[in-house]
Amino acid sequence: MIDKIAEKYALSTQGARTFIRSSILEFINNLVSMLPMALFLYLLYDISTAVSNGTLLKNGFFYLLLGVVVLILLFVSNYATYTELYVGTYKESAQIRLSLAEKMKQLPMSFYSKKAPSEIASVMLNDVADLENFFSHGMPKITGLIPFVGLTLIALLAINWKLTLVSAVVIPLSWLIFQGSSYMEKKAHQEYFSTITKQSDYFQEMIEKMQETRLLNRKKEAKKEMAELLAQQEKTHRKTELPTAISQGMIAAVLQSGIGLVIIFGSYWYTQHELTLIELLIFLIATNKMYNMMISIYEKLSMSRNTKIRIERLKSLYHEKNQVGNTTPAFSNYNFELKNLGFEYKVGQPVLKNVNFTANEGEITALVGPSGSGKSTMLRILSRLYDYDKGNVLLGGHELQNIATDYLFEHISVVFQEVVLFNTSILENIRMGKKDASDQEVLAAAKKAQCDEFALHLEQGYDSIIGENGSLLSGGERQRISIARAFLKDSPILFLDETSSALDSENEYAVQQALSKLVKGKTVLVVAHRLKTIENADKIIVLGAGSVLEQGNKEQLLARDGMFKRQYQYEMGTLSNNQM
Ligand SMILES: Nc1ncnc2c1ncn2[C@@H]1O[C@H](COP(=O)(O)OP(=O)(O)OP(=O)(O)O)[C@@H](O)[C@H]1O
């Protein structure tokens, strides 16, 4: 049962247990909350008996004592429910967020290209917050109150079955209204969610593109767009609340009309001596309490409808397929062999088609081709940031997709176009290449990557903090930190993507010199736009629209009258743009 609840509501087993305990405590709490009224009715009964007998109330002290006991019970049950419910739910939402973060790490990068970051963030923050709200303020109330309504009806049946039936007439009516509003509420909430997602996408983009917005002088347009979006959100919000407000209002009116029925029929049966005054009073108090509980149940059930959409989003995230592969083979070599490789980011739009080549240990294999031909994609696939759809990739004879990603990453260093840096010191950013490296090792790697030239000019030297994603550094400086990481890691496989593009010619030469030392004996795959930088490559793979057009070394490719030769001549200035 615990497992079923956990699965149904996307909770942990501990969360499901908390939910059961809270429901029981909520039920007990409701029972205890009836005690003052029961005590009052008994007292009233005793007083009326004493008055009709012309005597004094005998057991006044007993009632006083019971009153104190009831107060203590009220405190204890409220305290126990509060701590179990709220503390338990807070812990559970923290647990859900942790397990979601864990899940994120196991998903392939393809997941991130089909889901907007704002949508993922919304699931982790808003959906979990809503779930927390539902489990602290909603669900246990429903499960705690429903048996209580049942018990009240049974107790009333024992007093007078006819009046109980009259008071229960409004219950099926209220249920019909609730069911009738289901479709409208669901539709309104789906619309609301899509507006919220659009809005958070917009805000995220606005922050990311602040620089462009200013440079392109788009401030006015951006303000107008935001105002329109906010107005749209407000409209949708009101539309979302409307069906719930109408149905809850109708339900409350129908249920409260039950009191009127109890008064009319109860008074009549009282005059017919089928009911005593005390019994009528009990009916009035108990049905009033029961209807209020039912109104509360309906409110929470309506809340549960909306939370259902959130739970489904959470579950769909949990059910996303993890990146496969968990082998940790001992490599006898680090040769890559690609056989009929095919890949697409979006279904039906292949980016790599039937790619065949080998990239051997101790050699530099260069990937060239026009923009968008799939060079960077190829490196992402070879480092398993994305998994391929067709064909095979073998590393040292082992299928790449079967190799555990963490294990694979231990053997690969990457220097990509987009360098990701952390808001810490230069030293620590470089140390990320090898977590246990000493300061001396880090500084030596930094020197090789020409980092001394800028780092030593900063006030704090290598201890300088470089800002969010290295925002306080230039493009070339950021790239050199990335190169230093690769020097430090010194892994047998090295992927370089446009490493020299952000360096001036003097630095570029120095870095090329350093890289030429680093690449020795490794399997190196390098992506470059300028053919000059990869002249010394052992093998050049020319890509065009995701397919291999030509491959060979520079001399072999120049001997052919292909794309490489034309591009090479163009770069050397022996071919004009028109002749290309
Ligand atoms: N995350 C992604 N989701 C969807 N499509 C993508 C993604 N990344 C790249 N693409 C598409 O895949 C194709 C190949 O892109 P890729 O970045 O591999 O080309 P490239 O040869 O490295 O280009 P460039 O030289 O301009 O960097 C392009 O059409 C690009 O639009």
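The shell around the ligand divides into four nonpolar, nine polar and two charged residues. Here Ala, Val, Leu, Ile, Met, Phe, Trp, Tyr, Cys and Pro count as nonpolar, Asp, Glu, Lys and Arg as charged, and the others, Gly among them, as polar. The model is predicted, so local features need pLDDT of at least 70, side-chain atom pairs count only at pLDDT 80 or more, and totals for chains, interfaces and linings use all residues. Residues are numbered from 1 along each chain as its sequence is written, and side-chain values use heavy atoms, with hydrogens and water left out.

In total, 15 residues surround the ligand (a heavy atom within 4 Å). The closest are S371, G372, S376, T377 and H529. Helix 13 (residues 375-382; a DSSP run of H or I, at least four residues) gives the most to this shell, with four residues.

Polar contacts (pairs of N or O atoms within 3.5 Å) reach oxygen atoms of the ligand. A backbone N or O atom of G372 lies at 2.9 Å. A polar backbone atom of G374 is 3.0 Å from a ligand oxygen. For K375, a side-chain N or O atom is 2.9 Å from one. The protein buries 67% of the 640 Å² that the ligand exposes when taken alone (Shrake-Rupley method, 1.4 Å probe).

Away from the ligand topic, the largest nonpolar core has 43 residues. Such a core is a set of buried (under 20% relative accessible area, 1.4 Å probe, protein chains only) Ala, Val, Leu, Ile, Met, Phe, Trp, Tyr and Cys residues joined through side-chain atoms within 4.5 Å. L100, F135, L255 and L314 have the most contacts inside it. Helix 12 gives the most to this core, with 11 residues. A second, separate core of 41 residues includes V442, A445, L473 and V524.

Methods. Polar contact = N/O pair within 3.5 Å; in protein donor to acceptor, adjacent residues only side chain to side chain. Helix = DSSP H or I, 4+ residues; strand = E, 2+ residues; numbered from the N terminus. Buried < 20%, exposed > 50% of the residue type's maximum accessible area, 1.4 Å probe, protein only.
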